[in-house]
Amino acid sequence: MDEGLAALIAALTGLIGAAVGGWVTWKAARHGADAALRATMEQLSGQAINERSHWVRQERRAAYATVIDAYMSVTMLAAAHRSGLREETPEAYERLAELGMACKRLTLFGPDSVEEAASELLRRADDRVRRPSEAGVSAGGGAALNGFLAACKDALSQDDQDDG
């Protein structure tokens with residue numbers, strides 16, 4: 001074999017080796033970039049889920065507190081009217097409407113158990129305002145409030161477990 005042919009074969013071998021090496025390096029870099037992209041996407045997805053869960057929990061707490069505040073306002077006005085400390089006023093009906101809207105807001109954030117407990121709470125408050133003199137009207141108010149509080153507590157603790 002003459003020196004020219006040997007040099008040509010050596011050059012071609014080097015060129016092929018460089019091409020194969022470059023291709024392997026490119027494939028490895030691409031694989032690494034794809035893996036990094038997948039990891040970043042998973043992290044962002046997890047972060048988005050956590051952010052949404054946190055937002056829902058905050059909104060639930062605010063909605064639950066609004067219902068409790070509205071209920072207490074209605075029952076205080078109804079009790080003052082029932083005891084003769086205050087005459088019946090449209091304010092009690094306004095507060096009852098506010099309670100109804102606050103309970104309706106719960107349909108956005110759920111869960112169903114809280115909505116059901118809020119419906120019972122609203123029914124009891126409605127009875128207190130519209131039928132204050134009937135026997136037994138006020139008897140279920142405490143149980144309804146306790147049921148609502150228990151449902152809220154269960155929903156919030158379930159949120160905490162889902163995050164943990």
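**Helix packing and salt bridges**

Let me start with one side chain. Glu98 has a relative accessible area of 37%, so Glu98 counts as partly exposed. One caution before I go on: this is a predicted model.

What does Glu98 pair with? Glu98 meets the side chain of Arg95 in a salt bridge, at 3.3 Å from N to O. Both residues sit in helix α2. They are three residues apart, which is about one turn of the helix. Arg95 is partly exposed as well, at 23% relative accessible area. The cut-off for buried is under 20%, so at 23% Arg95 falls in the partly exposed class.

How many salt bridges does the structure hold? Seven. The general idea is simple. Side chains of opposite charge can pair when their charged atoms come close.

Next, a pair that links distant parts of the chain. Glu59 forms a salt bridge with Arg105, and their closest N and O atoms are 3.0 Å apart. Glu59 belongs to helix α1 and Arg105 to helix α2, with their positions 46 residues apart in the chain. Buried or exposed? Neither, for Glu59: its relative accessible area is 22%, so it is partly exposed. Arg105 is also partly exposed, at 31%.

Now over to helix α3. Asp126 and Arg130 form a salt bridge there, with the closest N and O atoms 2.5 Å apart. The two residues lie four residues apart in α3, again about one turn of the helix. Asp126 has a relative accessible area of 24%, so it too is partly exposed. There is also a network: Glu120, Arg123, Arg124 and Asp127 are joined by salt bridges that share partners.

That covers the charges. On to the nonpolar side. In soluble globular proteins, nonpolar side chains tend to be buried together. Here, the largest nonpolar core has 27 residues. Which residues have the most contacts inside it? Tyr64, Val67, Leu99, Leu106, Val114, Leu121 and Phe148. At least two core residues come from each of α1 (3-82), α2 (90-109), α3 (112-130) and α4 (141-163). The largest share, eight residues, is supplied by α1.

Take Val114 as a close-up. What does it touch, once neighbours within four places in sequence are set aside? Val114 is in contact with Tyr64, Leu106, Phe148, Ala151, Cys152 and Ala155.

Last topic: how the helices pack. Two packed helices are described by the angle between their axes and the distance between the axes.

First pair, α1 and α2. Their axes come within 9 Å and cross at roughly 160°. Angles over 145 degrees count as roughly antiparallel, so α1 is roughly antiparallel to α2. The crossing of α1 past α2 is left-handed.

Second pair, α1 and α3. These axes come within 9 Å and cross at roughly 20°. The cut-off for roughly parallel is under 35 degrees, so α1 and α3 are roughly parallel to each other. Here α1 passes α3 in a left-handed crossing.

Which residues meet between α1 and α3? From α1: Tyr64, Val67, Tyr71, Val74, Thr75, Ala78 and Arg82. From α3: Val114, Leu121, Ala125, Arg128 and Val129. Some of these names should sound familiar. Tyr64, Val67, Val114 and Leu121 are among the residues with the most contacts inside the core.

To wrap up: seven salt bridges, a largest core of 27 residues, and left-handed crossings of α1 past α2 and past α3.

Methods. Residues are numbered from 1 along each chain as its sequence is written. This is a predicted model: local features need pLDDT of at least 70, side-chain atom pairs count only at pLDDT 80 or more; totals for chains, interfaces and linings use all residues. Side-chain values use heavy atoms; hydrogens and water are left out. A nonpolar core is a set of buried Ala, Val, Leu, Ile, Met, Phe, Trp, Tyr and Cys residues joined through side-chain atoms within 4.5 Å. Buried means under 20% relative accessible area, exposed over 50%, partly exposed in between (1.4 Å probe, protein chains only). Contact means heavy atoms within 4.5 Å. A salt bridge is a side-chain nitrogen of Lys or Arg within 4 Å of a carboxyl oxygen of Asp or Glu. Axes are lines fitted to C-alpha atoms, for helices over the stretch in contact, and angles run from 0 to 180 degrees between N-to-C directions. Angles under 35 degrees count as roughly parallel, over 145 as roughly antiparallel, 65 to 115 as roughly perpendicular and the rest as oblique. A crossing is left-handed if the near helix is turned anticlockwise from the far one by less than a right angle, and right-handed if clockwise.
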